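Please walk me through this structure, chain by chain and then site by site. Keep it brief and stick to what the coordinates show.

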Amino acid sequence: MKLGVFELTDCGGCALNILFLYEKLFDILEFYEITEFHMASSSRSREKLDVAIVTGTVSTQRDLEVLKDARNRSEYLIALGTCATHGSVQGSVDDTKAAFRRIYGDIRGPTKVFDPRPVVDHVPVDFAIPGCPYNKEELFQVLMELARGVEPVAKDYPVCLECKLNEYECVLLKKGIPCLGPVTAGGCNAQCPALGLGCIGCRGPSMDANIPGMVEVLKNILPEEEISKKLRTFARW
Amino acid sequence: MIIELDEFTRVEGVGKAEIVVENGTIKEARVKILEGPRFFEVLTLGRNYWDVPDLEARICAICYLSHSIASVRAIENALKIDVPESVNKLRELGLWGEIIESHSLHLYLLALPDVLGYPDAISMVQRHGEIIKEGLAIKALGNTIREVIGGREIHGINVKPGGFGRYPSEAELENIAKHARSLVRFARRVVGIFASQEPRGAKAETAMTTSEYLWGDELIIEGERIQYEDLEEVPVSYSFAKHTYYKGSPIFVGALARVLLKGIAESGEAERLLREHREKIESRYVIYNNLAQAIELVYALEKVSKICEELLCEGIEKVIVEPEEKEGEGVGYVEAPRGVLVHHYRIEDGKIVWSNTITPTAFNQGIMELSLLEDARRMYGSLPEDSLKAKLEEVIRAFDPCISCSVHFVKM
Ligand code: SF4
Ligand code: SF4
């Protein structure tokens, strides 16, 4: 099967994380031929793809063209990482024009700049794996399932559940540390509560997230304006 | 006529270049950073200082710890937080880990294919599988250190103002020390490979580093001690990244600058290798940033085992120091793997009210263009256009640029 990896505007982490699969990358290479991956290879192919992985947000004209091209050429498209699935940090900017002016002054820049939006807002995607960055194990599983012709299933539980399964002490209720675990999509194995730190919501909202409930609980710990900033770090809820 | 270099490959982020030819001579070279903006300076405003290092980490995945630590150091300077020696040592360990991770990624997976004539590391596996596996083993150690210190391989949130969320165990430190020692002999091999490169690019006449090896309260630039405000930043219309100058000269930051201005103090394999290749390093051609990284990789492996041993022997103070004040202004200078990184904040009532970041790739924009210009002049006409383009891209790659980090910081 042919695999392409495409990077739009992002920090490079989600593309890089593919290389961090180490030996598992060699397992993947037994089923897939990576014909395009600009961070890792200088070969540029225009072939049809079985699977395209897209990371990052659509923030410029160039991003949109790359995305559309990837969609048109691929059978199966995976939006990978919170930038691609929810917009991540740049996607939570309120007023792009004002922010742009504040940073760049009057310069127009070399390309047309859009409001940063996740890939899922622009094209239909077949599967989405959130995470800033995503859990490598999850990507590995998904690619292996696709190679075997099985449609992968999305995770639909919050981080809290993984915290409980690991028997970590609840940082929110026991230690009074702000934690977005109750409303954040699981799949990271509750990595931050494992360090005694609150989840900062890097995987974006979970299904059926009870936001008003979350805000009520956080009100006991944080001033209100900080709550909304915290919630809107990785996604526009 | 304009020779267009397509989007750079085997670098992080989206950038291109143009070489302007007039009447058969090379007139100008432009590096166009096309990555979309990510607005970090705006995003940090109004946030509680505690949350900011985790956010800033997202500027770059290859050097997220450098960003967290620069951010934490700026906050600690602003709020007068004094951390124990062992906390600083752990941070230093993390930064060496990041140098290991980033240099090995760059040297083995991104730059080595240039030297051996392949489009990428994956297609090298058949004939050069051994060295790729060695590189991956070194890289994995770098990531283990990032995980232990930073909390995750990428974008961990364990580095906090005043200390750490979780402190490493003795077993983890012992394991790191042991692995680092055993990997030195692999890293040594790659030094010889990069020493074989021909001189290319511009000469790094004005090199800049932090006042200590991995951080400091000042910057050193060719014998002078300065603050970053002493530099001149010039916006250009064709790129999302600004150019930086010191007294009219473009600045170079990165491993070559560090090794040139600081040398390698401890005696060991790295020091011996530096002596062996001193002439090439001192020629200052930016292509030897690869060589400097390779020597520094050996140095990092030696340093890591030493720091772990010191920590094991002296013990760790497991604290999170609370701030004395709620407001202030502070700068954090850190050596990211690819050079000087600056974070600067003003904090009022515990919230960020002003924020500025300058990244190494942004610093290097000017000399990157100069390198393209000089190489294009050297090679234009004697090579078919495709080979010329490929050769020029190799010089860009030697900067180890992280293009997405260069873009959002132009004007406040
Ligand atoms: S989701 Fe996070 S790690 Fe992935 S590319 Fe975006 S900012 Fe980087
Ligand atoms: S615990 Fe929360 S912030 Fe941490 S990795 Fe998981 S989703 Fe991301």
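What follows goes from the two chains to their ligand sites and then to some local features. The model is predicted.

Start with chain A. It holds eleven helices and seven strands. Its radius of gyration is 19 Å, close to the 18 Å that the globule rule gives for 237 residues, so chain A is as compact as a globular protein of that length. Along the principal axes, its C-alpha atoms fill a box of roughly 55 × 50 × 25 Å. Of the 237 residues, 58% are buried. Among contacts with a separation of 6 or more, 76% join residues 24 or more positions apart.

Now chain B. Here there are 14 helices and 15 strands. The radius of gyration is 21 Å, and the globule rule gives 22 Å for 412 residues; the two values are close, so chain B is as compact as a globular protein of that length. Its C-alpha trace spans about 65 × 45 × 35 Å along the principal axes. Buried residues account for 67% of the 412 in this chain. For contacts in chain B with a separation of 6 or more, 72% come from residues 24 or more positions apart.

Next, the ligands. Which chains surround ligand 1? Residues from chains A and B do, so the site is shared between chains. In chain A, helix 1 (13-19) and helix 4 (82-86) are the elements that give two or more residues to this shell. The shell has 13 residues, and those that come nearest are Cys11(A), Cys14(A), Thr82(A), Cys83(A) and Cys132(A). By type, the shell divides into five nonpolar, six polar and two charged residues.

Ligand 2 also lies between chains A and B. Chain B supplies Arg152(B) to its surroundings. From chain A come residues including Cys188(A), Cys192(A), Cys199(A) and Cys202(A). Val159(A), Thr184(A) and Arg203(A) are also among the residues around ligand 2. This shell divides into seven nonpolar, three polar and two charged residues.

Turn to the helices of chain B. Helix 3 runs over residues 64-79. At 1.5 Å a residue, its 16 residues should span 22 Å, and the end C-alpha atoms are 22 Å apart, which agrees. Is this helix enclosed or exposed? In helix 3, 15 of the 16 residues are buried, so it is largely enclosed by the rest of the structure. Just after the helix, Lys80(B) takes a positive phi of about 55°.

Helix 6 of chain B covers residues 170-195. Its 26 residues should span 38 Å at 1.5 Å a residue; the end C-alpha atoms are 37 Å apart, which agrees. Where does helix 6 bend? The bend is at Val184(B), by about 40°. Val184(B) is itself buried, as are Leu173(B), Phe186(B) and Phe194(B), among others in this helix. The buried residues of helix 6 pack against helix 4 (85-116), helix 5 (125-150), helix 8 (269-276), helix 9 (278-282) and helix 10 (289-314) of chain B.

Finish with a loop. Asp349(B) sits between strand 14 (339-348) and strand 15 (351-358) of chain B. Asp349(B) has a relative accessible area of 59%, so it counts as exposed. Leaving out residues up to four places away in sequence, Asp349(B) touches Lys326(B) and Glu327(B). Lys326(B) is 23 residues from Asp349(B) along the chain, yet their C-alpha atoms are separated by 5.0 Å.

Definitions and conventions: Residues numbered from 1 in each chain as written. Chains lettered and ligands numbered in written order. Predicted model: local features only at pLDDT ≥ 70, side-chain atom pairs only at ≥ 80, totals over all residues. Heavy atoms only, no water. Helix = DSSP H or I, 4+ residues; strand = E, 2+ residues; numbered from the N terminus. Expected span 1.5 Å × (residues − 1). Bend = angle between axes of the 7 residues up to and from the residue. Buried < 20%, exposed > 50% of the residue type's maximum accessible area, 1.4 Å probe, protein only. Contact = heavy atoms within 4.5 Å. Near = heavy atom within 4 Å. Nonpolar A, V, L, I, M, F, W, Y, C, P; charged D, E, K, R; others polar. Rg over C-alpha atoms; globule rule 2.2 N^0.38 Å.
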